[in-house]
Amino acid sequence: MAPQLDGYFKQVDTSAGKFIERLRQAVAIPSISAEPQRRPDVVRMSKFLEEQLKSIGATVQAHPLGPQPGHPELELPPVLVARYGNDKNKRTVLVYGHYDVQPAEKSDGWNSEPFELTIDEKDRMFGRGSTDDKGPVLGWINAIQAHQEANIDFPVNLMMCFEGMEEYGSEGLEDFIHKEAKQGGVLHGADVVCISDNYWLGTEKPCLTYGLRGCNYYGVTISGPGQDLHSGVFGGSAQEPMTDLVRVLGSLVDTHGQIQIPGVMDMVAPVTDEEKDLYPGIAYSMDNLFESLGSKTSIHEDKDRTLMARWRFPSLSVHGIEGAFAGAGAKTVIPAKVTGKFSIRTVPNIESDKLDQIVFKHVKDIFAKLGSKNTLDVQLIHAGPWWVASPKHWNFEAAGKAVERVFGIKPDFTREGGSIPITITFEQATGKNVLLLPMGSSTDAAHSINEKLDRRNYIEGIKLLGAYLHYVAEEKMD
Ligand SMILES: NCC(=O)N[C@@H](Cc1c[nH]cn1)C(=O)O
Ligand SMILES: [Zn+2]
Ligand SMILES: [Zn+2]
């Protein structure tokens, strides 16, 4: 089956240095979507990607999305829609990825410059965006190029949709996809959808992913004094916003990860016996968790409960406080206005709007009990839905065969604790099966300091993406 693959694999190995250089150039562009001052870099990254796509003969359109909601002065970065191949006798695969990244500063604790791809003696390629999601996005381009260089016919028509706001909730993309997936739209005509933007459960065994948690992200702002104050002069006589905020934040979740907001857990679908039976067969251990954590500070003691906590139950994380003193030293300031940021990862059957109302009520109730003269405001910053699909589809079968061919092992079928808000939109707008096909591993530290992609995962991942397309071309439709 798929006899051309050996030649393709050989070519990927031959071109590996070139593909790593492409990743180096991409990582060098700090395309941080959450920071308005970095928006020109996000746009620069879209232009880089456009050039790369054109260089391999894809047709590319950059679609503007208009101003960012709530920031009329700030244009959203464009969605790139590219096409390679237009053969009516071939299947069409729609792939999605994102070219924006999470914020990163060397001073956060990185061992190397976050926007300089740094390869160590173990062939780990460190850099912001290396695994999330520049490596996988470039993987599709590299797969096309290796086919050309090896003179192997590309097995499918590839439609590529790359956005620049994923790490900020995919603003503006949903409407675009719904519009363009219709007859006559630029995203119309896909047979299946594939997204490479998540991770293996461990470091050795690839997986195919059929579920994601959603994410509702909130800000709670407490303000009082007209400006920051000297704690020696005003400590004890002014009500302090930080004092109130830490109490509000402290009321949200306990040390054991139990969400303390009444009503949230009532919305969670009960775990069925059939579901419980899936967990013991999955290749994962507490040591895998400890390795990715870099410590043994797990909440749960066993693997099944840990996986359920990641995939199957909601979690609440407190991310930071804007406006608070966070530097080194001992500054004696009383901040005048502080915004706590927290998010809830959602699962079936949590309803997003209902969750917002429950969260707002809880925060307001806790604040009211403090009897503070300060002012409170709580807002939803963005929300993305959870998604669970059926892996019993030829799209997953094709990917399973590709994993076996490249890695010599059958993949695990997993869900993911993270969120890719646009996944369900692709499913609904195209009416087609969506597969998540990860490239990176559990130790990649996406969103964290020292994010990396192992050379092996990148190069074998390029083979995997190409092999998947060959098996898609061969699969019988359901
Ligand atoms: N690789 C996917 C990813 O990292 N997704 C983000 C999406 C998000 C949701 N809210 C803010 N960003 C994630 O945090 O899961
Ligand atoms: Zn991502
Ligand atoms: Zn991410």
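Colleague: What counts as a donor at a metal site?

Modeller: Donors are N, O and S atoms within 2.8 Å of the metal (3.2 Å for Na, K and Ca); water is not among the atoms, so sites may look incomplete. This is a predicted model, where local features need pLDDT of at least 70, side-chain atom pairs count only at pLDDT 80 or more, and totals for chains, interfaces and linings use all residues. Residues are numbered from 1 along each chain as its sequence is written, chains are lettered from A and ligands numbered from 1 in the order in which they are written, and side-chain values use heavy atoms, with hydrogens and water left out.

Colleague: Which residues are the protein donors of the zinc ion (ligand 2)?

Modeller: They are His98 through NE2, Asp132 through OD, and Asp197 with two OD entries, at 1.9 to 2.7 Å from the ion. Helices (H or I, at least four residues) and strands (E, at least two) are DSSP runs, numbered from the N terminus. His98 lies in strand E5 (residues 92-98) and Asp197 in the loop between strands E9 (192-195) and E10 (207-212), so this pair ties together parts 99 residues apart in sequence.

Colleague: What coordinates the zinc ion (ligand 3)?

Modeller: Asp132 (OD), Glu167 (OE, listed twice) and His447 (NE2) do, at 1.9 to 2.6 Å. Asp132 bridges this ion and the zinc ion (ligand 2), which lie 3.4 Å apart.

Colleague: Are Asp132 and Glu167 buried or exposed?

Modeller: Buried means under 20% relative accessible area, exposed over 50%, and partly exposed in between (1.4 Å probe, protein chains only). Asp132, at 4%, is buried, and Glu167, at 13%, is buried too. His98 and Asp197 are also buried.
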